[in-house]
Each structure stands twice: as C-alpha cells, then as structure tokens.
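Here is a brief report on how one protein chain is put together. Have the sequence and the coordinates open while reading.

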Amino acid sequence: MAMIPKETIEEIRARCNIVEVVGAYLPELRRRGSTYKCNCPFHKEKTPSFTVNDARQIFHCFGCGAGGDVFRFVMDYEKVDFVTAVSVLAERVGVEIVYEGGQPEKSGNKDVLYKLHTDAAAFYHRMLLDSAEGAEARRYLEERDLPVEIIKEFQIGFAPNEWEGLLGRALKKGYEAEQLEAAGLAVPSERGGKVSHYDRFRNRVMFPICDQMGRVIGFSGRIMNKAEKGAKYVNSPETLLFRKNRVLFAFDKARKAIVDERRAIVVEGQIDAIRCHQAGLHNVVASQGTALTENHARLIKRYADEVILVLDADAAGLKAALSSSEIFIAHELSVRVVTLPEKEDPDSLIKKEGAKALTDLVETAPGALDFLVDLMGKQEDMNTEAGRMRVVQSVLNLIRQCPSAARRDPMINRAADLLNISPLALSQDLRRNQAQQRPAQRRIPAPAGDPDHPRRRV
Ligand SMILES: [Zn+2]
C-alpha cells in the first residue's frame, strides 16, 4: 500500500494555510473578527455557521459539526481519501511526494495527467500566438472577433496539422506515449502488430477545459474551415480527469461571480460563454452541447440558488431546456429559461446588439413552469380535453420533481393560474400522479463504477 512519509505530510501541512485553501474552494469566505466565515458547504444554511480559524489552522461548522484540519477539509469537500487529499495539497504548494511502498495507482496517474494537460495547453497556446503554422487559426479567431486578451485569458490554442506535433514534443520532455493516450491526447494505432501513437487533435483551434479549480483537464478542438472534413468539434474522451457530465466550461472563471450573484447562466457553446465573459457577464458557463446532468446540478447548487438556461430556439434546444429544468428543480434550484431570437446564439446576439440585449432577455426570462405552459400551449389544442390534459400532465411532471413542499406550493398556485384550474384540483392530481408514478419513476440507482449515471429523463 502506498504510504506518504509523516515528515512529508507535516511539511505540506506547514506550507498550506487553511484560510487560503478553503478560500480557493469557497470564495465567499470572509473575515469576521478573529475567524473566517461563510455558509457551510456540508449542510444547507442561510446564515454562516462555518468557520475557519487561521491561528489554529482548523475549520469547524457550528451547524452540522463538520470540522478538522486542512486535509480533512479537502477529503470532505472533494470526497477523496486521505492520500489523494494530501497529494492535491502537495501539488498546490509544490511539495513532491515520495511514496513508501510504491506509487498509488490512481493518484499517481492523476498527477502526471494534470501536468501533461498543463504542458499541452501551454504548447497549443504558444503555437497559436507565435508559430507560422498558427496563422490561419489566428485569422479565424480574428474573424470570430476574439481579441488577444480573451485568447490569453482562456488560453485558447492551436493544434498544428501534424501527426506527432504534441506527441513528439511530449516524448522529448520525458512523457510516455501511453500517458498521452491515457490523457486522451494521443490515439493508438496498430500496424503489423506494432502499436504506435498519433495526435488526437490536429489542425484545430483548441479550447482548454478546466475543472473548478482551474486545472486543465481536457480540450475541445474546433475546425476552422467549414469545408474541411471531420466533426466540427473533437473533444477529449472520458479520462481519469475528464468526466464530461461533471464539467461545465468556464466554471472556474465564473465561480466567483456565481457566488456573488447566487445565480448561474448556462449557455451551450464555449464561444458563447467566452463572449459573455468578454462582455462583462461573468457568471456564465457552457454545457458544451451535452445534456445537463445531476452532477452539473449539484455543482451549481453549491454556489447558486438560481439557474438561467439560455438555449437555442430550435426544437432540440427547447427539449433540452425542459429536461434540464427538471433536473435543476429536483436539486432545489430555481430555473428560468431564456429563448433566444431565432437563428441567434449568445455570441451572435451580443456581437450584433451588445451585452444588454442578452441581459434584458435574462432579466425578463420566464420561470420554467411558465416556459413549459407557453411551449405546450403552442403545441397542443387547449380547447380539447385531451390537449388540455397533456399540458396538465407535463406540468405535473415538472412540479413533481421538486422535493420541497414549500417550493412546490407556489408552483402549484402558479400552474393553477396559468391553466385556469383550481390549486386544490391540481394538488390532488399531483398526489394521485405521484402515487401512480412512484414505482416506475423511482430514481434508478447508479450502477457500481458509474457514479455519473444521468437521470433517466428525456
Ligand atoms: Zn455545516
């Protein structure tokens, strides 16, 4: 079993200031007299009872009793074991761990993968800014109206049109091809019984994807020329670091604004999110075209009370809005939905009409329930019994997701208003509906080894 020498643990502890570490996870942490305070990340509360003591280097929550040292905080917050927590903090303060009894399989690999991603992002970024090959990519970004400050802030890059552009340089730096494969940066190919590797990303503009701490954990590569063959986007595959259904693009940069405003705006594309940040909307993240999952909802719920979904006006966008609303409501987030003008995305809208056009839409966006009734009203004939009942059923499905009765009640009243039904009738139907649906609709437990299993909702 991998062990970390006691002296190493103490060295890491000595170099880590718990106020800084906790503050990196919880940007709302503020000094209050002799301690630091914020809302507890381990239980739900409205007034802060979570404290961090600088002098004693411990944290303690007077609400739920959580407490301990800096390692305990990382363990509890990131839900990792002690060894992983120590290695996370070791990396933060630049202490190298020499394990007793061999490298731990998982965290050892992770360390290398983090470094590899950092190096790869720097390489792609350099290629974009400085290389002759990067000229077309620079032109592309200029045409997309992304200035160099934004390119630097988001560390946008360019993967050269070579089979071993990144691979060759990484091997020279001492990485192994298998490590690049594990990072999803190289693809293995077999010829005549011999395995070789080549770069996954070639001739693409590269968008680094970061975790919530700002570490690069994956990439999205975009073609520059529509006429070119191949997918518009190539993304990193699922790796030890990169779990698509947990990551929201730009979350690391948006986190502070999300905490300050207690709300998050979710757009679809990376460039949409980048444009919003450039225009001064800093609480914006991108779903990157994947369906939003429970993990995304949990992540946002840690920092916000409200989510505003900004989705394309096409049928797929509307359907996505509904299923996402259900997931967020199930996690006790308020949801509002912005429908963009046809054929616009946040990027094009801001470029054409300025950021205010988007913020106006955000400020006046209807709640998920109003959005649903409006949408269904356009699809169903409300003059027929069957049409009306289908709308009622959809509304009940949405309200049913909400676990809190106190939150459900106003939803019922609002729906009753919108549908011109008595609240009493609606809540009776809701109860009947819940009784009938319960066995079939019970949340499916995630199969072992796949904690990211998304909700089974369409
Ligand atoms: Zn607590």
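The report covers domains, then sheets, then helix packing.

**Domains**

This is a predicted model. The protein is divided into four parts: domain 1 covers 6-93, domain 2 covers 105-235, domain 3 covers 251-373 and domain 4 covers 378-441. How far apart are the centres of domain 1 and domain 3? Taken over C-alpha atoms, 30 Å separate them.

**The five-stranded sheet**

One open sheet has five strands. Their order is β1-β2-β3-β4-β5, and the pairing is antiparallel. Which strands stand at the edges? They are β1 (30-32) and β5 (67-68), and each pairs on one side only.

Work inwards along the order. Strand β2 (residues 35-38) runs antiparallel to strand β3 (residues 50-53), joined by three bridges. Y36 stands opposite V52 in β3. Next, β3 is joined to β4 by four bridges, again antiparallel. Here T51 has H60 in β4 as its bridge partner.

A turn links these two strands. β3 and β4 form a hairpin with four residues between them. In that turn, Q57 has a positive phi of about 55°.

The last pair is β4 (residues 58-61) with β5, antiparallel over two bridges. H60 appears here too: its bridge partner in β5 is G67. H60 thus has T51 as a bridge partner and also G67 in β5.

**The four-stranded sheet**

A further open sheet has four strands in the order β6-β9-β10-β11, with antiparallel pairing. At the edges stand β6 (157-159) and β11 (233-235). Each has a single partner strand, so one side of each is left without a neighbour in the sheet. From one strand to the next, the twist averages 35°.

Inside this sheet, strand β9 (residues 204-210) pairs with strand β10 (residues 216-222) in the antiparallel sense. Six bridges hold this pairing. C210 stands opposite V216 in β10.

The strand pairs with bridge counts are listed here.

| Strand pair | Bridges | Sense |
|---|---|---|
| β2 and β3 | three bridges | antiparallel |
| β3 and β4 | four bridges | antiparallel |
| β4 and β5 | two bridges | antiparallel |
| β9 and β10 | six bridges | antiparallel |

**Helix packing**

Two packed helices are described by the angle between their axes and the distance between the axes.

Take α13 and α16 to begin. Helix α13 (residues 315-330) packs on helix α16 (residues 368-379) at an angle of about 145°, with their axes 11 Å apart. The crossing of α13 past α16 is left-handed. From α13, the residues L318, A321, L322, S325 and I329 meet A368, F371, L372 and L375 of α16. By class, this contact has eight nonpolar residues, one polar and no charged.

Now turn to α17 and α18. The axes of helix α17 (residues 385-401) and helix α18 (residues 405-419) come within 10 Å. They cross at roughly 165°. Angles over 145 degrees count as roughly antiparallel, and α17 and α18 are therefore roughly antiparallel to each other. α17 passes α18 in a right-handed crossing.

Which residues make this contact? V391, V392, V395 and I399 in α17 meet R408, M411, I412, A415 and L419 in α18. By class, the contact of α17 with α18 has eight nonpolar, no polar and one charged residues.

Key: Residues are numbered from 1 along each chain as its sequence is written. This is a predicted model: local features need pLDDT of at least 70, side-chain atom pairs count only at pLDDT 80 or more; totals for chains, interfaces and linings use all residues. Axes are lines fitted to C-alpha atoms, for helices over the stretch in contact, and angles run from 0 to 180 degrees between N-to-C directions. A crossing is left-handed if the near helix is turned anticlockwise from the far one by less than a right angle, and right-handed if clockwise. Two residues are in contact if their C-beta atoms, placed from the backbone, lie within 7 Å. Ala, Val, Leu, Ile, Met, Phe, Trp, Tyr, Cys and Pro count as nonpolar, Asp, Glu, Lys and Arg as charged, and the others, Gly among them, as polar. Domain bounds come from an automatic or database domain assignment. Two strands pair if DSSP finds at least two bridges between them. Angles under 35 degrees count as roughly parallel, over 145 as roughly antiparallel, 65 to 115 as roughly perpendicular and the rest as oblique.
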